[in-house]
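Biologist: Please take one helix of this protein and go through it closely. I would like to know how it sits among its neighbours and what happens at its ends.

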Amino acid sequence: MRALVDQYRSSPVLVLGGKYDPVPVFRAYGFEHVLRVEDVHAAHPLVHPDLPAPSRSAAPTPVRAVVVASDPLHWFRDLQILCDILGSDGRDIENSIDMQKVPIYIAAGDLLFQGAFPAPRFGMGAFRICLESLYKARFGRELKVNLFGKPHPIAFDFARQHLESRRRAKIKRFYMIGDNIASDIDGAHRAGPDWYSILVRTGVYRDGPHTADFLCEDIVEAWEHIQHREKLL
């Protein structure tokens, strides 16, 4: 997300998060005008009829861009507000226009993740699918979404650049260890031949076909495999 700072440093950016407030993080990145979805709700108290608006008053603020930083908690309200903003010019959210003018960036596209519950849970990818479906049903056009997280190469390129900058040298091989074929393993394959993928059974993946370079039970076995492969033992 730091890559967006130069483009939106002083512009109003709406950031959606979950149980953790993303605003301090984005301000630390360098964004100077960060809005929460509650700010939009306060400025438009009738935007969602079933969830009371924040008690504070707020003046409507134009939204230049939207960033979904983590899983929102109030999907119904947030989906409604995002459709209003993304279907408008970002200034007058009560009226739609015939093109998408406000860009949206989503930090991760994982449909599923593994939490404490035995079965996989819906992740930010599920929120994106809902948003895209509602936007198309409402406005009759596809929503253009900019994805930043796995499996998209930008996430792996950032990791490569960061590690090589710390090492101050080129690295000939990278290892991606993950439990999700759609994001971790496919992402490693898309990142290039210098990425080696290791699939573990401790999360989303349990059994069945896979495209990983190596399959193992857990992170301990994955680390042992890497040490043997790199002749570190």
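Modeller: What follows is a look at helix α7, after a few words on the whole chain. This is a predicted model, in which local features need pLDDT of at least 70, side-chain atom pairs count only at pLDDT 80 or more, and totals for chains, interfaces and linings use all residues. Residues are numbered from 1 along each chain as its sequence is written, and side-chain values use heavy atoms, with hydrogens and water left out.

The protein chain has eight helices and ten strands; these are DSSP runs, numbered from the N terminus, with helices being H or I of at least four residues and strands E of at least two. Of its 233 residues, 41% are buried, meaning under 20% relative accessible area with a 1.4 Å probe, protein chains only.

Helix α7 covers residues 181-191. Its buried residues are Ser183, Asp184, Ile185, Gly187, Ala188 and Ala191. Seen down the axis of α7, these residues fall within an arc of 165°, so they line one face of the helix; the arc is that of the directions from the helix axis to the C-beta atoms. An α-helix has 3.6 residues a turn, so residues three or four places apart point the same way. The buried residues of α7 pack against helix α6 (153-167) and the strands β8 (174-178) and β9 (195-200), where a contact means heavy atoms within 4.5 Å.

Now the two ends. At the N-terminal end, Asn180 caps α7, with a side-chain oxygen 3.0 Å from the backbone nitrogen of Ala182. Just after α7 comes Gly192, which takes a positive phi of about 130°.

Note on methods
Buried means under 20% relative accessible area, exposed over 50%, partly exposed in between (1.4 Å probe, protein chains only). A polar contact is a pair of N or O atoms within 3.5 Å; within protein, one must be able to donate a hydrogen and the other to accept it, and residues adjacent in sequence count only if both atoms are side-chain atoms.
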